[in-house]
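Colleague: I would be grateful for a close look at one part of this model, namely how its helices pack against one another. Please set that packing in the context of the chain, its interior and its less common backbone geometry.

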Amino acid sequence: MNSSFKLLVILSLVVFVSETVSAQSRDGLTRAQLSLADAYRDYWFTGVSVNQWQVEADQNGTNEHDVTGFVSNDQTKDWPVIAENFNWVVAENCMKCEVIHPSEGVYDFTLADQFVDKAKAAGLKVLGHCLIWHSQCAPWFHYDKNGQLVSAEVLKKRMREHIYTIVNHFKGRIDAWDVVNEAFEDDGSPRKSLFYQILGTDYIPLAFQYAHEADPTIQLYYNDYSMNKATKVEGVANFFRPLIQQGLPITAIGMQGHMILEDNVNNRYMKEYEHSIKTITALGIPTFFSELDVSVLPNPYGFSGANVSDIFAYRPEMDPYKKGLPAAKQAELEQFWIDFYKMLLPHHKDILRVNFWCLNDANSWRNDFPIKGRTDYATLFDRQNRPKPFVQKLIDLVK
């Protein structure tokens, strides 16, 4: 082979590689660049929860933030990771009643506005969380000045004013609302919250009515935990079925998905959630996963659910991975997520969004729930904000 021919071959290869890399870069489809949200954009949206310290770009590296969990990293670095890897965001706490409406007639939108403005500037869609919830509800909401429960008419008036004010404040900036959160017990019966004690189950359709009146264009959701359990999802479906038939303005029903790895015997979560997807979509509306994470830690006393008041005492044997997750457990976690996504894919037309709760292991609430101070590995990103290896394998399922 003469030197001129060699040079021609080399130049041709250079041009080919250059054009290939350029085309991949234009499409954003290189292996290093493709995010989970990019990979699944034709299947469903991919979201994540955002805490108030990520919004504020907090540099605090201590364990002071009890609400969110063990915050051990510099959260100035979190927002770029959120913006690059997700297309929906939801606030963990700054839109809940105790924060945004702490006393009658007083609203504090400071953190919530920062969150929404930052999300919209990054081109992210926003889910408001949440309008009516028995937990983290401001203490004044259900009582009069004498400390007695208010009448049904007073509570209706307070609910309407609360929902109208918040929905109108964010109109045009928020894309959907969790209207009612966690209104049912695991057996499918209505939760006997203060809302229920005063209004019965009427407070649920009333909340949707008020939200729809405030903004007829916005998506409105119901959201709950333990929705893998047949008794729970069927109880929720049975409640909403006649309301939907009567024209209730509900867009979708969300399932939280706070799972525990050791409880996934024979892939029970995949089988249960597939049943739940079918149960909800039989109502004629889609579903979505609103708060996904998987704890790898031992489960205290067969605990399940996400009732934030359920807390157990710390014991060292319940916190075995302080120095890191063993390879075998990492492999088990990886296979869990692969199997979970394989279950979801055939139902992608019925799933609006797959939303993860907390960005990385360092700020995951699972470090503190239901046993405070443990070291868990429940999210997609490690404590240094690096995507875990199984994320690429999820991308490869559809790439």
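Modeller: The account below begins with the chain, turns to the packed helices, and ends with the interior and the backbone.

The model is a predicted one. Its protein chain contains 13 helices and nine strands. Of the 399 residues, 54% count as buried. Among contacts in the chain with a separation of 6 or more, 77% join residues 24 or more positions apart.

Two packed helices are described by the angle between their axes and the distance between the axes. Helix α10, residues 230-245, packs with helix α11, residues 268-281, at an angle of about 5°. The axes of α10 and α11 are 10 Å apart. Angles under 35 degrees count as roughly parallel, and α10 and α11 are therefore roughly parallel to each other. On the α10 side, A230, V233, E234 and A237 make the contact; on the α11 side, H275, S276, T279 and I280 do so. By class, the residues in the contact of α10 with α11 are four nonpolar, three polar and one charged.

The loop between β5 (219-224) and α10 holds M227. This methionine is buried, with a relative accessible area of 0%. Leaving out residues up to four places away in sequence, M227 touches K232, V233, V236, I253, G254, M255, Y273, S276 and I280. Among these partners, V233 belongs to the α10 side of the helix contact, and S276 and I280 belong to the α11 side. The C-alpha atom of M227 is also separated by 8.1 Å from that of D186, a residue 41 positions away along the chain.

The second pair is formed by helix α12, residues 327-344, and helix α13, residues 389-396. Their axes come within 10 Å and cross at roughly 25°. By the same angular cut-off of 35 degrees, α12 and α13 are therefore roughly parallel to each other. The crossing of α12 and α13 is right-handed. Helix α12 contributes L333, E334, W337, I338 and Y341 to the contact, while α13 contributes P389, F390, K393 and L394. The residues of this contact divide into seven nonpolar, no polar and two charged.

Helix α13 also contains D396. With 34% relative accessibility, D396 counts as partly exposed. The C-alpha atoms of D396 and L36 are 9.6 Å apart, although the two residues are separated by 360 positions along the chain.

One residue of the contact between α12 and α13, W337, leads to the interior of the model. The largest nonpolar core has 108 residues. Within this core, M159, W177, F240, W337 and F340 touch the most other members. W177 has contacts beyond its neighbours within four places in sequence, including M95, L127, H129, L131, F170 and Y221. A second, separate core has eleven residues, among them W88, V90, W357 and C358.

C358 is also of interest for its backbone. It is found in the loop between β9 and α13, and its phi is near 85°, a positive value in a residue other than glycine. At 2% relative accessibility, C358 counts as buried. The loop between β9 (351-356) and α13 also holds P370. A cis peptide bond joins F369 to P370, with omega about 0°.

Two further sites deserve mention. A cis peptide bond joins H129 and C130, with omega about -5°. C130 is found in strand β3, residues 125-133, and H129 is one of the residues in contact with W177. E182 has a phi near 55°, a positive value in a residue other than glycine. Its place is in the loop between β4 (176-181) and α8 (194-199), where E182 is buried, with a relative accessible area of 5%.

To return to the helices, α10 and α11 are roughly parallel, and α12 and α13 are likewise roughly parallel. By class, the contact of α10 with α11 includes three polar residues, whereas the contact of α12 with α13 has no polar residues. M227 touches residues such as V233, S276 and I280, and W337 is one of the residues that touch the most other members of the largest nonpolar core.

Note on methods
Residues numbered from 1 in each chain as written. Predicted model: local features only at pLDDT ≥ 70, side-chain atom pairs only at ≥ 80, totals over all residues. Heavy atoms only, no water. Axes fitted to C-alpha atoms, helices over the stretch in contact; angles between N-to-C directions. Helix = DSSP H or I, 4+ residues; strand = E, 2+ residues; numbered from the N terminus. Parallel < 35°, antiparallel > 145°, perpendicular 65-115°, else oblique. Left-handed = near helix turned anticlockwise from the far one by under 90°. Contact = heavy atoms within 4.5 Å. Nonpolar A, V, L, I, M, F, W, Y, C, P; charged D, E, K, R; others polar. Core = buried A, V, L, I, M, F, W, Y, C linked by side-chain atoms within 4.5 Å. Buried < 20%, exposed > 50% of the residue type's maximum accessible area, 1.4 Å probe, protein only.
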